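Hi everyone, thanks for coming. Let me put the structure up on the screen, and then we can walk through it together.

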Amino acid sequence: MTNIKPNSSSHKSDPNRRQVLAGSAAVAAIGAFGLPVGAQTTAAPAASGAFASLGVPHIRRDGAEKARGGAKFAAEYSYPGMVYGALVYSTIARGTITSLETAEAEAAPGVVLVMTHENAPRLERPEPFYSSPTGMAGSSTPVMQDAEVLWNGQPVAVVLASTQEEADHAATLINVAYEEAEAVTSFDVAAESAQTSFYAGRDLLIEEGDAETALADAEVSIDLSFNTPAHNHNQIEPHAVTVLWQDGILRMHDCSQGVDLSAITIAKVFGISPAEVHLSAEYVGGGFGGKTVWQYHILAAAASQLADRPVRMSLTREGVFRICGARAPTRQRVALGSDREGRLTSLIHTGTTMKIENNSMTEPFFEQSEHMYRADNMHLEIRAGTMDMLANTFMRAPGAATGTFTLEVALDELAERLAIDPIELRVRNEPEVNPTTGRAHSQRALVDAYREGARRFGWIPRSGQRQGYREGEWQVGTGMAAAYYPYKRFPGGAARITLNGEGGALIETAAADMGMGTTTATAAVASERLGIPYDAIEVRHGDNTLPGALIAAASQQTAAIGASLTAAHEVLLAELASLVPATSPLHGLPAAELGTAEGALYSLADPQQQIPLVDLVALSESGTVSAEAQGGPISEWTQDWSMHSTGAVFTEVRVNSVTGEIRVPRITAIYDCGKILNSKLAESQFRGGIIMALGMTLMEGASFDERNGRVMNPSFGSYYMPTHLDVPHIDVGWTDIPDPQAPTGARGIGEIGMSGPAAAIANAIYDATGKRARDLPIRLDALM
Amino acid sequence: MNPLTYEKATSSADALERHDGDAAKFLGAGTNLVDLMREGIATPTRLIDVTGLAQGIEEQSDGGLRIGAGVSNTAVADDTTIRAEYPALSRAILAGASAQIRNMATVGGNILQRTRCSYFYDVAGSRCNKRTPGEGCDAIGGFNRAHGILGVSDSCIATHPSDMSVALSLYDAVINVEGDQGTRSIPINDFYVLPGDTPDIENQLNPGELIVSVDLPAPSANRRATYRKVRDRASYAFALVSVAGSLIIEDGLVVDAGISLGGVAPKPWRATEAEAAIVGSPPIEETFRNAAQIALADATTQPGNVFKTELAQRVIVAVLQDLAGDAQ
């Protein structure tokens, strides 16, 4: 018996497996899924009873603490003498501060410090993503080091006071005068000088064959333009940090998605060693790509140093809008050419997005077009213009969120022109191997997802005719689209496993739990790997003093943790082997011939030969056995395989014929993301992504005033996201086929929900009304 | 928020006594005032809490209702008499804000909400003639999807956000006020003041005056009324357009019509000319279309809210057709 090796056939079968799954409506339906038999059997966990962990819908370990209010977030730590920070933001997009009147604020009740560029400590520029392996900042813009203003909303002063109210009030007493410089705050103006850009170390340009000629020569073609606005981050927990300089250590309670990288980035800004920063984030109230390093961290730490007081800096919602990064706006072109049977001869996905001067983040909106469909000729290209605005940054499913919208609407339009059912068109263009790299798929069952989604949703195949109908004032239609998100695994993963004398284990890894259930999933993976009951596994995370430099980003953290645990387990086996007494039949066996299961070390060759782990731990000098290792090389996705998650999303939409109001009463989505480690967490992740996508589709958008570069809806009152009444029943399911190349068989599920619904809704709107919506958000006036 | 003192009034007379000038403000539930204070728009240094006062909903000898200014929005919406006799009022309240806010918000406070505009709220970064008369209006030429198309001016295009007041306007409610100079009663349709070139002044209330109650005239027999709200999401959003409408139909002809619009003007917009055009006509689509055109004839739009003219007309027609259908 071995533990969790995806697609290995040596798992012990578990008669309770079906019953466990039957408890989850979403998973139960997989029974009728018509998947290959092997896919079903390999999904069974390796162990039984208390040892069954993977696939079991464990409730979230942090759930009860959060429900009780016992979970401490970054802004809930206190220290003696702590003061509260408030920020003053610039009101111009570019220029120079000519005067800062701070006297009145300094004299206000409770004020301890007013910090501006005139008295701030000298600091290095922060390292943004991709500028170094550890860069975690949203931009390299200097933090309050000079009089230059680079965006409307840039912090220009920090106030520290005894209470938050005093700090907030004093901040309003500061008068700032500027000399304005010419700013680029118009998309059109910036687009004129946009250049072909790059992202994550590669140029955003792929050309195969001659796509334009193929388009012109195609038997059927479409050529469409789309607009998507900027989106601001709105995690339920506004960004906050509590800072203390103590005994040569900068102590930070943060809400980071990657504690190590945040600590290293901040250490470099202050010119200190990363070992001199202790940064933890046990609980994070949502991240979505926005809980990285922004100016507030550095300003809080700098002001704390200057005032020699602990500081709590808790941003207002407006503060988050002003300084914490946003998804960039895009203008996209998707042109498709095909023969009359729908075989793509040309796929063009190009367009323009915006970035700031001081980062290297270009919204990669053509990624799904690289990997989803075969086409004889391709032209994929993204140009980036530079604007004077809040840093653009990562936001759930960067690229794919808007890129799948445009591509999948285009496919729907092509299907209609061809009089082919939109599912059938996609199936006809399903690639045998990766269309751009030629690599084999590690695992891909998108066609199964289409079929199962269609069955569960009740999809009516169509051939060029709308299926929409009318119910009183309401026009009702249905639409579908594919979902896409890449598999990734970043280097830096590491974990430490410590067995205790009671048969339990402690797992330590510097991973982040932003509310998605990292500790819960990690405990389940560790339980399976170690053969130790789930409830006997303790997980410590979210602290940069723990092993590893992980980041909860790109839906890859679970894979990174899985690989780290695998590596640490191998080291642990060697440690255990060295403790085996000479009298044991296991004595002398190398680690490679040993395994752990059901609380014991055993011989792979002869599983009956085993020693309880507690007996081995008792033989150790320290009373514990510990092993630490880094995850293995990441070549599975960088060199060897085409690894991508996909899905099929179906929606019903109602459009009011009087008002144009849009309601979405029903969504079904089936995902092909490899093994699902915990059905409860997975349902929640998928639904959350879908709801966020629903908001992006129908209401979300920054009101970026191009006259002065100011975001005009920096609050929940004016930046609309879905309310409960906007969210329908969402039926989610998954293929649950382990990816043999991914650690634990899971490819990651955090972001794919964000892709697909926008196009499915837009396509359903067309089915209902005959109107094509190509700009987000799709609001009622577009359909009146 | 600036430093301030807080005190609780024991009666309306006590509240008036405590009010000592512009720096003082009466505090209801604070669902708008506290917001404005947090944003630095309202800067009172003395808050006089009047919650708990004027709690009753009482039938009057003339058959009407008197609603205390301190009654919660939820209590008004749930009141069985109001649900039966003034259904548009109940529906309008339930279409507004969130359940939590409605539980807190008072009738007086709802009426006195400031007109809404994101530039008005952006104290640090935007110009606004309501905050600083004469400095200019950044909503004109900016984002103005939510803004007004009727009764607006070159100095202000903000809209009144209340749903409840649109229904009160339909029912010709009267606002009862107490102040240093005694008591007075102001019809709600005269209460609000259009912005003109003084958009900082939004209503007839004088400093130190306190709304103590709202009177609803006796209900008319056979009058059918409703409220329909159109917005950018299903709940917790201000109206893009809302319509409170009513009809009385006798012998196949409209003998009384009411149309009040929300989301399109600096105040609940009573479309009296449109109403007059309906009276005496058959309750058919053509009649209502004609009325809707009259109601929006003077609309002046911005690039962001052009759609409101057509939307308002459509909703007026749909509401009146619904009422006409109900009546048959």
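How many residues of chain A are in contact with chain B, and how many of chain B with chain A? Before I answer, please keep in mind that this is a predicted model. The count is 27 residues on the chain A side and 25 on the chain B side. On the chain A side, helix 6, residues 164-171, gives the most, with three residues. If you sort that side of chain A by class, you get nine nonpolar, eight polar and ten charged residues.

Let's stay with chain B for a moment. Its secondary structure comes to 13 helices and twelve strands. The radius of gyration is 19 Å, and the globule rule gives 20 Å for 328 residues, so chain B is as compact as a globular protein of that length. Along the principal axes, the C-alpha atoms of chain B fill a box of roughly 60 × 50 × 35 Å. As for burial, 54% of the 328 residues of chain B count as buried. And if you take the contacts in chain B between residues at least 6 apart in sequence, 64% of them join residues at least 24 apart.

Now to the nonpolar core. The largest one holds 351 residues, and those touching the most other members are Val159(A), Leu160(A), Leu299(A), Ile765(A), Leu89(B), Ala167(B) and Ile316(B). Let me pick out Leu89(B). Setting aside residues up to four places away in sequence, Leu89(B) touches Val76(B), Ile82(B), Met164(B), Ala167(B), Leu168(B) and Tyr171(B).

Over to chain A, which is divided into three stretches of interest. Domain 1 covers 77-182, 236-286 and 291-324, domain 2 covers 202-214, 327-488 and 639-782, and domain 3 covers 490-633. The centres of domain 2 and domain 3 of chain A are 38 Å apart, taken over C-alpha atoms. Where these domains meet, 15 residues of domain 2 of chain A are in contact with 16 residues of domain 3 of chain A. The domain 2 side has eight nonpolar, five polar and two charged residues.

One residue I'd like you to find is Pro547(A), in the loop between strand 25 (537-540) and helix 17 (557-579) of chain A. Is Pro547(A) buried or exposed? Buried, because Pro547(A) has 21 C-beta neighbours inside 10 Å, and 20 are enough to count. Beyond its neighbours within four places in sequence, Pro547(A) is in contact with Ala494(A), Ala495(A), Arg496(A), Glu508(A), Thr509(A), Ala510(A) and Glu628(A).

Last, some backbone geometry for the torsion fans. Most residues other than glycine have a negative phi, and most peptide bonds are trans. Here are some exceptions. Leu776(A) and Pro777(A) are joined by a cis peptide bond, with omega about -10°. You'll find Pro777(A) in the segment after helix 21 (757-769) of chain A. Then there is Ala200(A), not a glycine, with a positive phi of about 50°. Ala200(A) sits in the loop between strand 8 (198-199) and strand 9 (202-203) of chain A, and is partly exposed, with 15 other C-beta atoms within 10 Å. Glu598(A) also has a positive phi, near 45°. The place to look is the loop between strand 26 (594-597) and strand 27 (600-603) of chain A. Glu598(A) is buried, with 20 other C-beta atoms within 10 Å.

Thanks for listening, and I'm happy to go back to any part of it!

Technical notes. Residues numbered from 1 in each chain as written. Chains lettered and ligands numbered in written order. Predicted model: local features only at pLDDT ≥ 70, side-chain atom pairs only at ≥ 80, totals over all residues. Domains from an automatic or database assignment. Contact = placed C-beta atoms within 7 Å. Nonpolar A, V, L, I, M, F, W, Y, C, P; charged D, E, K, R; others polar. Core = buried A, V, L, I, M, F, W, Y, C linked by C-beta atoms within 7 Å. Buried ≥ 20, exposed ≤ 12 C-beta atoms within 10 Å, placed from the backbone. Helix = DSSP H or I, 4+ residues; strand = E, 2+ residues; numbered from the N terminus. Rg over C-alpha atoms; globule rule 2.2 N^0.38 Å.
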